[in-house]
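Me: I have a model open and would like to learn how to read it. Could you walk me through a few features?

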Amino acid sequence: IETIFDTLNAKAGIMAVKQVERALARDIPVMLSMTLTDLSGRNLSGHTVEAFWHAVRHAKPLTIGLNCSFGATQLRPHVKTLSEIADCPVMVYPNAGLPNDLGEYDELPEETAQLVGEWARQGQVNVLGGCCGSTPVHIAKIAAAVAGMAPRKLST
């Protein structure tokens, strides 16, 4: 369940997965990814990263993360916050910066890789990728930037 801008909709999605689990009599892994809609770090329904985590952690997600939003530069403090509170792997896949006046993304693959690589070097993430504006070259540069780095350690 990704690009979550409304926490209540995310909870409805989680409930739907739980209903399917009961019908199939098996677990279904859930990956959740929140999108921030303002620079204060809130989604459209007004929840902070912390509030979102506490609202959905009961689902025991395979990963919890942030995607889309404003790009890696503006996501930096929110990734740190999420990495400090989540007890599951953290997944982040930002836009390639902010779109320009024509709706294009100007952030070069090397820039994106350097920015998200900081999160890996600081032990804040387990899964990295790219969202809007990312190209296969962006993803290749990200992979190269974090090759050999240890993933974030999970809290116990």
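**Reading helices and side chains**

Reply: Happy to. Helices α1 and α2 cross in a right-handed sense. Keep in mind that this is a predicted model.

Me: How are two packed helices described in general?

Reply: Two numbers do the job: the angle between the helix axes and the distance separating those axes. For helix α1 (residues 7–24) and helix α2 (residues 49–56), the angle is about 25 degrees and the axes are 10 Å apart. Angles under 35 degrees count as roughly parallel, so α1 is roughly parallel to α2.

Me: Which residues make the contact between α1 and α2?

Reply: From α1, look at Thr7, Ala10, Lys11 and Ile14; from α2, look at Phe52, Ala55 and Val56. Sorted by class, the residues of this α1 and α2 contact are 5 nonpolar, 1 polar and 1 charged.

Me: Let's try another pair. At what angle do α4 and α5 cross?

Reply: Helix α4 (residues 109–121) and helix α5 (residues 136–146) cross at roughly 40 degrees, and their axes come within 8 Å. That angle makes α4 oblique to α5. The crossing of α4 past α5 is right-handed. On the α4 side, the contact is made by Pro109, Glu110, Thr112, Ala113, Val116, Gly117 and Ala120. On the α5 side, it is made by Val137, His138, Lys141, Ile142, Ala145 and Val146. The class count for the contact of α4 with α5 is 8 nonpolar, 3 polar and 2 charged residues.

Me: Where is Glu111, and is it buried or partly exposed?

Reply: You will find Glu111 in helix α4. Its relative accessible area is 38%, so Glu111 is partly exposed. You can also compare separation along the chain with separation in space: Glu111 and Lys141 are 30 residues apart in sequence, while their C-alpha atoms are 9.1 Å apart.

Me: Now for backbone angles. What sign of phi should I expect?

Reply: For most residues other than glycine, phi is negative. Against that background, Lys60 is worth a look: it is not a glycine, yet its phi is positive, about 50 degrees. Cys68, also not a glycine, has a positive phi of about 65 degrees.

Me: Where do Lys60 and Cys68 sit, and is each buried or exposed?

Reply: Lys60 belongs to the loop between α2 and β2, and its relative accessibility of 71% makes it exposed. Cys68 is in strand β2, and with a relative accessible area of 15% it is buried.

Me: How do I read a polar side chain that is buried?

Reply: A good habit is to look for its polar partners and then list its other neighbours. Take Asn67, which lies in strand β2 (residues 63–68). Its relative accessible area is 0%, so Asn67 is buried. The side chain of Asn67 makes a polar contact with the side chain of Thr3, at 3.0 Å. Setting aside neighbours within four places in sequence, Asn67 is in contact with Glu2, Thr3, Ser33, Met34, Thr35, Tyr93 and Cys131.

Me: What does the side chain of Glu21 reach?

Reply: It reaches the backbone nitrogen of Ile28, at 2.8 Å. Glu21 is part of helix α1, and with a relative accessible area of 11% it is buried. Not counting residues up to four places away in sequence, Glu21 touches Arg26, Asp27 and Ile28.

Me: Can we finish with a side chain in a loop? Which backbone atoms lie by the side chain of Asn126?

Reply: A polar atom of the Asn126 side chain lies 2.7 Å from the backbone nitrogen of Val90. The backbone oxygen of Arg152 is 2.8 Å from a polar atom of the Asn126 side chain. Asn126 itself is in the loop between α4 and β4 (127–128), and at 25% relative accessibility it counts as partly exposed.

Me: What else does Asn126 touch besides residues up to four places away in sequence?

Reply: The full set of its contacts is Pro89, Val90, Pro151, Arg152 and Leu154, not counting residues up to four places away in sequence. Another useful pair to display is Asn126 and Val92: they are 34 residues apart in sequence, and 8.3 Å apart in space from C-alpha to C-alpha.

How values were computed. Residues are numbered from 1 along each chain as its sequence is written. This is a predicted model: local features need pLDDT of at least 70, side-chain atom pairs count only at pLDDT 80 or more; totals for chains, interfaces and linings use all residues. Side-chain values use heavy atoms; hydrogens and water are left out. Axes are lines fitted to C-alpha atoms, for helices over the stretch in contact, and angles run from 0 to 180 degrees between N-to-C directions. Helices (H or I, at least four residues) and strands (E, at least two) are DSSP runs, numbered from the N terminus. Angles under 35 degrees count as roughly parallel, over 145 as roughly antiparallel, 65 to 115 as roughly perpendicular and the rest as oblique. A crossing is left-handed if the near helix is turned anticlockwise from the far one by less than a right angle, and right-handed if clockwise. Contact means heavy atoms within 4.5 Å. Ala, Val, Leu, Ile, Met, Phe, Trp, Tyr, Cys and Pro count as nonpolar, Asp, Glu, Lys and Arg as charged, and the others, Gly among them, as polar. Buried means under 20% relative accessible area, exposed over 50%, partly exposed in between (1.4 Å probe, protein chains only). A polar contact is a pair of N or O atoms within 3.5 Å; within protein, one must be able to donate a hydrogen and the other to accept it, and residues adjacent in sequence count only if both atoms are side-chain atoms.
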